[in-house]
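Below is a short note on the charged contacts of the model and on its overall make-up, set out as numbered points for your consideration.

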Amino acid sequence: MASVTEELNCSICLEMYTDAVTLPCGHNFCRACILRFLDTQFGVPSCPDCRAHFPQRPALQKNITLCNVVTHYRSSPRREAAGGGVHCTYCIRSAVPALKSCLHCEASLCADHLQVHSTAPEHILAEHGATREDRKCPAHKEVLKYFCREDSACICVSCRLDGEHRGHRAESLEEASEKKKEDLREVLQKLTSEREDNEKKIHRLWEHRRLVREQQASLLMADLIRQLELKKMDLTGKIGRVARLCDEADPLTVLLDHEPEVWGNAEDEAAEDLYRGLVSGTLDADHVCEDLVLDVTTAANNVRVSPDLKTLTWSAAYQKRPETPVRFQYNQVLSSRRFSSGQHSWDVETSESGDWRIGVAYQSVERRGERSYIGDSGKSWCLRKLYQNQYSAMHDGNVTTAPHRFSSTTFRICLDYEAGRVSFYELSDPIRLLHTFTATFTEPLHAAFGVGYWLCSEGCWLRVVI
């Protein structure tokens, strides 16, 4: 059950409410915290707790009752202690919150009595509410005194001498705690560095957002800023937790606590790719290839190319183009333009029906046989849609399935040749990064397009959008 102090904490800053306000969904926040959060949102505003959406920026209603409770709690000497209402054993004239418990004295201590308490080894200080039973081996009911290095477990004397940890490398809890604190200080440094890097990204995105001219990219920046602000709050919480462990005097508390994960996950990597695309400008209109057209000399005979060389359509009628070494055997085409350096992007509108592939390919990509299909060899990279509305990214025959259904039929391909990246974005609201390939490009690249890979291909088309 949450303590009173936890109930009085804002979920954004994790501190006691300051000028508490309520959203229409019923959740409370500090006024400054929720205003700062809402300023990072563009499009449909939402609650950071329950994710409820509001048709317009919500009015903030001051929670007078909650403000009064916080004011009374701050000024009251008889406030309930954090962690379940534990009070100092020795403060008999008033109920003063306890900070620690001495397991030897079986007493709870406030800040004043903690300063004058005995520091002898037998006077073990622990979080309030802890008991001696919490510090005993469940198998032998003996006090935990050692740390088994091989099993990363706190053990008693019997465990070490004749129990399941017999013969294992063991050391005192104090020694093991100091070693873990050394590791924790490295974790703390990494978390602090990550938070600083996160803050720099937020600042840089705000600067870029003021300069960017494309509305969709601006909305995407705002959404990414919101994600980074939430990550910053998460990192701040982790930093506080690790810092407390580094200052913890009780070895057992240090050893039994698991430090938070430092390294990023797949979502962090996707956000990082999105950040790079935004700040490099590849998502801005300045990098759009206005002269991108289809090269009919590479077009297979079961596709039609429009007179303006922008649209590719699957065709049941054979086109009878002359067979040449550069022409695809199957329903595909390359762009006339090739890329051997720089940053470039182009948009492709797709049909809702049928199946297609869009991406990039080397000039030397196979033109005949199954490995000529875009994404089936090591010379091409693509986003593909199957007729069952399944979406995936593909390179060298390896498939990464998209975890969601698309809400748009227009996509952007962003190529950074020197960085070795090709990224696919769904031009929804806001723009969504779908997948990024990384490679060391060794040949010029062409934009690559394909339609109608399965039986239900009637009406399947792609169009390069400028």
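**Notes on the salt bridges and the surface**

1. Over the whole structure, which is a predicted model, the search finds 16 salt bridges. The points that follow take up some of these pairs one by one, and then turn to the surface and the fold.

2. Asp 197 and Lys 201 form a salt bridge in which the closest N and O atoms are 3.5 Å apart. The two residues are separated by about one helical turn, because they lie four residues apart in helix 6. Their exposure should be read residue by residue: Asp 197 is partly exposed, at a relative accessible area of 39%, whereas Lys 201 has 13% relative accessibility and therefore counts as buried, the cut-off being under 20%.

3. A second pair within a helix joins Lys 238 to Asp 234, again as a salt bridge, and here the closest N and O atoms are 3.5 Å apart. Both residues belong to helix 7, which covers residues 215-247, and since they are four residues apart there, about one helical turn separates them. Asp 234 has a relative accessible area of 42% and is partly exposed.

4. The salt bridge between Arg 337 and Asp 291, with its closest N and O atoms 2.7 Å apart, links distant parts of the chain, the two residues being 46 residues apart. Arg 337 sits in strand 12 (residues 332-339), while Asp 291 is found in the loop between helix 9 (266-280) and strand 10 (303-305). Both partners are partly exposed, Arg 337 with a relative accessible area of 28% and Asp 291 with one of 47%.

5. Salt bridges also link Asp 19, Arg 31 and Lys 62 in a network.

6. Which residues gather in a patch of negative charge on the surface? They are Glu 174, Glu 175, Glu 178, Glu 182, Asp 183 and Glu 186. Of these, Glu 174 has its place in helix 6, which runs over residues 173-211, and helix 6 also holds the pair Asp 197 and Lys 201 discussed in point 2.

7. As to the protein as a whole, there are nine helices and 22 strands, and 46% of the 466 residues count as buried. Among contacts with a separation of 6 or more, 56% are accounted for by residues 24 or more positions apart. The protein exposes about 24300 Å², of which carbon and sulfur atoms supply 50%.

Conventions
Residues are numbered from 1 along each chain as its sequence is written. This is a predicted model: local features need pLDDT of at least 70, side-chain atom pairs count only at pLDDT 80 or more; totals for chains, interfaces and linings use all residues. Side-chain values use heavy atoms; hydrogens and water are left out. Patches are made of residues with over 30% relative accessible area and no salt bridge: like charges are joined within 9 Å, nonpolar side chains (Val, Leu, Ile, Met, Phe, Trp, Tyr) within 5 Å. Accessible areas come from the Shrake-Rupley method with a 1.4 Å probe; for residues, only the protein chains shown count as cover. A salt bridge is a side-chain nitrogen of Lys or Arg within 4 Å of a carboxyl oxygen of Asp or Glu. Lys and Arg count as positive and Asp and Glu as negative; His and the chain ends are not counted. The place of a charge is taken as NZ of Lys, CZ of Arg, CG of Asp or CD of Glu. Buried means under 20% relative accessible area, exposed over 50%, partly exposed in between (1.4 Å probe, protein chains only). Contact means heavy atoms within 4.5 Å.
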